[in-house]
Amino acid sequence: DEQLDLDDGRWEDIHVVTGALKLFLRELPEPLVPFSHFDKFIAAIKIQDPSLRGRCIRDLVLSLPPTHHDTMKVLFRHLCRVVEHKEENRMSVQSVAIVFGPTLLRPASEEASMAMHMVFQNQVVEHILNHYGYIF
């Protein structure tokens, strides 16, 4: 119920706002990409044929529960706007993917292959950013 004035100087540090967003997403009981979809997205990003990979990822996004899909659409639209200003903010598609990949997609349990998964998690986020219009 608290009304926040985002013009207040406390919110000028974008790192504070971004950190709060990442923390919120990380602390969700289930990530934005549900645990049930994690392996499917990882398998999809590994598909060699670019058009098949694109269709598969789009279909997976469309198969998400409505709240996950709708939140993802809004979040990725915002992240695309962040990338549009990469000359000023130094946040390229790759940088955004590195920052948000492990937060948005994570397995239900941590495994020895976490480092390997991280590469694919980032690639999924990068793919969705690069193909936002087609996916949503």
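In this predicted model, the count of salt bridges comes to one. The partners are D59 and R58, whose side chains meet with a nitrogen-to-oxygen distance of 3.6 Å. D59 has a relative accessible area of 41% and is therefore partly exposed, since the partly exposed class runs between 20% and 50%.

The interior offers a good place to continue the tour. The largest nonpolar core holds 31 residues, and F41, L104 and I128 are those with the most contacts inside it. Two or more residues are given to this core by each of α2 (35-45), α3 (50-62), α4 (66-84), α6 (93-104), α7 (114-130) and α8 (132-135). The largest share, six residues, comes from α4. Such a grouping fits a general tendency: in soluble globular proteins, nonpolar side chains tend to be buried together. A look at L104 shows some of its surroundings: with neighbours within four places in sequence left aside, L104 is in contact with L25, P31, L32, V33, L75, F76 and V125.

Helix α2 also contains H37. This histidine has a relative accessibility of 9%, so H37 counts as buried, the limit for that class being under 20%. Apart from neighbours within four places in sequence, the contacts of H37 are L60, S63 and L64.

Helix α4 can be visited next, through T67. With a relative accessible area of 57%, T67 is exposed, because exposed residues are those over 50%. T67 and L32 are separated by 35 residues in sequence, and their C-alpha atoms are 8.9 Å apart in space.

P102 lies in helix α6 and is partly exposed, with a relative accessible area of 25%. When neighbours within four places in sequence are set aside, P102 is in contact with A97, M118, Q121 and N122. P102 and V82 are 20 residues apart in sequence, and 18 Å separates them in space from C-alpha to C-alpha.

A residue with a notable backbone angle sits in the loop between α5 (86-89) and α6, namely R90. Although R90 is not a glycine, its phi is positive, at about 60 degrees. For context, most residues other than glycine have a negative phi. The relative accessibility of R90 is 71%, so R90 counts as exposed.

Aromatic rings come next. The count of aromatic pairs comes to one. The pair is formed by Y132 and F136, with ring centres 4.9 Å apart and planes at 35 degrees, so the arrangement is tilted; the tilted class covers planes that are neither under 30 degrees nor over 60 degrees apart. Y132 has a relative accessible area of 16% and is therefore buried, whereas F136, with 22%, is partly exposed. The two labels follow from the cut-off of 20% relative accessible area that bounds the buried class.

The tour ends at the surface. There, I14, V16 and V17 form a nonpolar patch, and together these residues have about 240 Å² of accessible area. V16 belongs to helix α1, which spans residues 14-26. With 41% relative accessibility, V16 counts as partly exposed.

Conventions. Residues are numbered from 1 along each chain as its sequence is written. This is a predicted model: local features need pLDDT of at least 70, side-chain atom pairs count only at pLDDT 80 or more; totals for chains, interfaces and linings use all residues. Side-chain values use heavy atoms; hydrogens and water are left out. A nonpolar core is a set of buried Ala, Val, Leu, Ile, Met, Phe, Trp, Tyr and Cys residues joined through side-chain atoms within 4.5 Å. Buried means under 20% relative accessible area, exposed over 50%, partly exposed in between (1.4 Å probe, protein chains only). Helices (H or I, at least four residues) and strands (E, at least two) are DSSP runs, numbered from the N terminus. Contact means heavy atoms within 4.5 Å. A salt bridge is a side-chain nitrogen of Lys or Arg within 4 Å of a carboxyl oxygen of Asp or Glu. Patches are made of residues with over 30% relative accessible area and no salt bridge: like charges are joined within 9 Å, nonpolar side chains (Val, Leu, Ile, Met, Phe, Trp, Tyr) within 5 Å. Accessible areas come from the Shrake-Rupley method with a 1.4 Å probe; for residues, only the protein chains shown count as cover. Rings of Phe, Tyr and Trp (its six-membered ring) pair if their centres lie within 6.5 Å; planes under 30 degrees apart count as stacked, over 60 as edge-to-face and the rest as tilted.
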